[in-house]
Amino acid sequence: MLEALTAPAPDKIIELMGLYAADPRADKLDLGVGVYKDAEGRTPIMRAVKAAEQRLWQEQATKSYVGLLGDLGFVEAMRDLIFGAAVPAERVSGAQTPGGTGAVRQLLELARLANPEATVWYSDPTWPNHPAILKYLGIPSTTYRYFDAATRGVDFDGMIADLGAAKAGDVVLLHGCCHNPTGANPTFAEWQALTDLCLDRGLVPMIDLAYQGFGDGLDEDVAGVRHMAARVPELLLAASCSKNFGLYRDRVGAAFTVTADAGVTPLARGNLATLNRLNYSFPPDHGAKTVGIILTDPALRADWIAELEAMRQGMLTLRSGLAEALRRATNSDRFDFVATHRGMFSRLGAMPAQVAALRADHGVYMVGDSRINIAGLPAGGLDRLAAAIAAVGA
Ligand code: LMR
């Protein structure tokens, strides 16, 4: 039986992790997978996470099952963190999922259950797992223009023009903030225009929110999402705690639905619970419980926000530092966009051969589409990276 399997297409981010690990050079630079690193190249466990885990270890009396929707304290705290007061709580249903990917997967399955005719529109480019999951699920999907290769900003006119061809009931997959892989994001006014477009054409937004707090701040990063959620009748949202709580391997995420009518909320909630049951029964508890403790304890929450804010500021400092280093190295301002992008990633716009040369000749690892993870840069790495980019003629 198993010989009938075909070899799976490699995921380019996971593949790159393996190539980097196998490279013996001591001065190699890992700008690949989206993992935050501090100036010493470590991915620390956040202070509030350690404290909450300690409390959990001391106080938790059982490891028995929780429920199909996971820890409801976590789900409600995440709902409030994301939506604030934008939507009445009775119109929101949520389920804990294994990471943001689990939420994306469950929500796409939910959309398919609700409307098998819907086409899912996703940005060109997007996180490679989006089209991979859509293809695997057999969901009709297509792209909308997103990135302006000349300015390295959002091609908003192209985006609006392409989405103008979407039919009522289609799903528009948007990145809530910190677009992956480009780093280019719609302005608030553009979020307003996207909201109007969804209303005019009867489109259902699905937000992938994996980097809240990594761009302009916890509330700022969801200003567009909240505007949209407050106005459209229905919305889907996949949230990840991998990055902003640094809980990557613990797989902490949540899938939310906003329903047009509070009467539909139990139906959405019931289907999310059933999808959990069908795919893995109970979502993993430890990380979500940890996040729930942090978000509901004022002191731990304040400490988490302070540490997250320091991480965010560090990434902004790296951005402006890299833009300056690239000015010096290339004697031009053509990389200034690095300073205006937000989140962990920027797409540099280098050619595949230049990306390959950066890896082979300089030990600089970035995704093949020239996405760099700015947080992968160690202190003192700015000039070395800028020199390498200039040397390959990018
Ligand atoms: C990334 O884009 O590098 C991260 O979201 C990690 C992943 O799972 O791909």
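A polar contact here is a pair of N or O atoms within 3.5 Å; within protein, one of them must be able to donate a hydrogen and the other to accept it, and residues adjacent in sequence count only if both atoms are side-chain atoms. Keep that handy, since Y211 offers one: an N or O atom in its side chain is 3.4 Å from an oxygen atom of the ligand.

Before going on, note that this is a predicted model, where local features need pLDDT of at least 70 and side-chain atom pairs count only at pLDDT 80 or more, while totals for chains, interfaces and linings use all residues. Residues are numbered from 1 along each chain as its sequence is written, and side-chain values use heavy atoms, leaving out hydrogens and water.

Now zoom out. The protein chain splits into domain 1 (10-44 + 301-391) and domain 2 (49-296), with bounds from an automatic or database domain assignment. Their C-alpha centres lie 26 Å apart, and 26 residues of domain 1 are in contact (heavy atoms within 4.5 Å) with 29 residues of domain 2.

Back to the ligand. Around it (a heavy atom within 4 Å) you'll find I13, V33, G34, W127, N180, Y211, K243, F345 and R371. Each domain supplies at least three residues of this shell. Besides Y211, look at K243, where a side-chain N or O atom is 3.0 Å from an oxygen atom of the ligand. At G34, a backbone N or O atom lies 2.7 Å from a ligand oxygen.
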